[in-house]
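Grab a pencil and work through these exercises with the model open beside you. Try each task before you read its solution.

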Amino acid sequence: MAAVDIDVPVETEPKIHNQQDLERQAEGFKEQGNALYSKKDYSEAFNYYTKAIDTCPKNASYYGNRAATLMMLCRFREALEDSQQAVRLDDCFMKGHLREGKCHLSLGNAMAASRCFEKNKNAATLLEYERMADFGFEKRDFRKVVYCMDRALALASACHRFKILKAECLALLGRYPEAQSVASDILRMDSTNADALYVRGLCLYYEDCIDKAVQFFVQALRMAPDHEKARLACRNAKALKAKKEEGNQAFKNNNYEAAYQLYSEALMIDPNNIKTNAKLYCNRATAGAKLKKLNQAIEDCTSAIKLDDTYIKAYLRRAQCYMDTEQYEEAVRDYEKVYQTEKTSDHKHLLKTAQLQLKKSKRKDYYKVLGVGKNATEDEIKKAYRKRALMHHPDRHSAATLEVQKEEEKKFKEVGEAFTVLSDPKKKIRYDNGHDLDDDGGFDGGDSGPGNFFFQFG
């Protein structure tokens, strides 16, 4: 039996399955079509624009270009169809509306032409809003971008591109519920929209829900592998989480220097992540306080509060640092803020303690007058008194100027006053507890003058 010949189709062009490769090939066809159009070879230009459309059928500009070619060939009905398809794909495609209007006009459809030319005016307005929005985004004026997109959406309410840009800027402004709402609306209609997935992830990322954010970024990249913003955000999210966890682990291991350094490195990753950075500043302040870097710790808490003025933990940490540096007025102010926000018994106790320390700080510090610590023993107080009384005794300064004599006499009396209180257990307790000593008879002169005490140790 004779062999049967089988016709095997020969592939003249390699099959392309990757979307990016398809888009590149379509752009190549379009460029060839443009070159032929410039040479007025409209029939051949038409063929190449058709190839571009067959390769990527959702690109409005390819239909627009083919419509222009058909108009040059006086094939107005076909040109009208292509123009209408172009504006269906992109309602903001100004040339598409213009060409549709010209086709209607050439075919005698005056009313339809008039509507298209009106849309063209709207398209020009939209382009201006887009230009202003791009400039605003570049300058990080996100409020301006939201304003422009709201006006653009009034003219093109179904434009996903405008909605996404608005949502992204709402997220960057910290208006996460609004941004999430816009992105979710788009995802309900198109669950594979990479831009909307990116915005959802961005909101979660800025709300410090990093694990969930990464899931959305990964999904966006699955839909659009070249999505640069999603790739950068995903990288930052993973780096931020890893560095923060390293810092936390170092702190738990009491390695405060390493923790301080790791939190510093984490703060360099993404200045836009306000919520996470507020926590990092507060964490670094905690490590700094352990390292006795109290002034830097106060600065870090202040930075955290600037980023998130509802961050109670930062107020508490700063207040404690103020207490440790004897800045009691500032500590009282922070504790008042905390207690107004969260009226707990612990916060009330902290506020009362700070208020007491502030009150005590406004009196003479008798411990400082004698040059002893607040935990000094009775013997240490007596020895310190004798030393200071000798130092400031009027007899030692009889040859000094009148001004010096008065100053030394004043100090001598303060030394005696301090000893009167700190050597009397009852008065010392009242003084340490912040009570007014005048209520207890205070200093009645009598036998407790500085001279008498001085000679008791003779």
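A crossing of two helices is called left-handed if the near helix is turned anticlockwise from the far one by less than a right angle, and right-handed if it is turned clockwise. Keep in mind that you're looking at a predicted model.

**Exercise 1. Describe how α12 sits against α14.**

Solution.
- Step 1: find the helices. α12 runs over residues 228-252, and α14 over residues 274-290.
- Step 2: get the geometry. Their axes are 11 Å apart and the packing angle is about 20 degrees.
- Step 3: name the arrangement. Angles under 35 degrees count as roughly parallel, so α12 is roughly parallel to α14.
- Step 4: give the handedness. α12 passes α14 in a left-handed crossing.
- Step 5: list who touches whom. From α12 you have L240, K244, N248 and F251, and from α14 come T276, K279, L280, N283, T286, A287 and K290.
- Step 6: sort them. This contact of α12 with α14 splits into 4 nonpolar, 4 polar and 3 charged residues.

**Exercise 2. Now do the job for α12 and α13: are they roughly parallel or roughly antiparallel?**

Solution.
- Step 1: α13 covers residues 256-267, and its axis comes within 7 Å of the α12 axis.
- Step 2: the two axes cross at roughly 165 degrees.
- Step 3: angles over 145 degrees count as roughly antiparallel, so that's the word for α12 and α13.
- Step 4: the crossing of α12 and α13 is left-handed.
- Step 5: α12 brings L240, K243, K244, E246, G247, N248, A250 and F251 to the contact, while α13 brings Y256, A258, A259, L262, Y263, E265 and A266.
- Step 6: by class, the contact of α12 with α13 has 9 nonpolar, 2 polar and 4 charged residues.

**Exercise 3. Which residues join α1 to α3, and how do these helices pack?**

Solution.
- Step 1: α1 spans residues 19-38 and α3 spans residues 60-72.
- Step 2: they pack at an angle of about 25 degrees, their axes 11 Å apart.
- Step 3: α1 and α3 are therefore roughly parallel.
- Step 4: their crossing is left-handed.
- Step 5: on α1 the contact uses E23, A26, E27, K30, N34 and Y37; on α3 it uses S61, Y62, N65, A68, T69 and M72.
- Step 6: the contact of α1 with α3 has 5 nonpolar, 4 polar and 3 charged residues.

**Exercise 4. Zoom out: what are the domains of the chain, and what does UniProt annotate?**

Solution.
- Step 1: the chain divides into domain 1 (15-118), domain 2 (123-226), domain 3 (254-362) and domain 4 (366-433).
- Step 2: measure across with C-alpha centres. Those of domain 1 and domain 3 lie 63 Å apart.
- Step 3: read the record. The unreviewed UniProt entry places "repeat: TPR" at residues 26-59, 194-227, 240-273 and 312-345.
- Step 4: look at two of those spans. Residues 194-227 are 79% helix and 0% strand, with end C-alpha atoms 8 Å apart. Residues 312-345 are 82% helix and 0% strand, with end C-alpha atoms 15 Å apart.
- Step 5: the unreviewed UniProt entry also gives "domain: J" at residues 365-435. That span is 69% helix and 0% strand, and its end C-alpha atoms lie 13 Å apart.

Notes:
Residues are numbered from 1 along each chain as its sequence is written. This is a predicted model: local features need pLDDT of at least 70, side-chain atom pairs count only at pLDDT 80 or more; totals for chains, interfaces and linings use all residues. Side-chain values use heavy atoms; hydrogens and water are left out. Domain bounds come from an automatic or database domain assignment. Axes are lines fitted to C-alpha atoms, for helices over the stretch in contact, and angles run from 0 to 180 degrees between N-to-C directions. Helices (H or I, at least four residues) and strands (E, at least two) are DSSP runs, numbered from the N terminus. Angles under 35 degrees count as roughly parallel, over 145 as roughly antiparallel, 65 to 115 as roughly perpendicular and the rest as oblique. Contact means heavy atoms within 4.5 Å. Ala, Val, Leu, Ile, Met, Phe, Trp, Tyr, Cys and Pro count as nonpolar, Asp, Glu, Lys and Arg as charged, and the others, Gly among them, as polar. UniProt positions are given in the numbering used here, feature names are shortened, and annotations may be inferred rather than shown by experiment.
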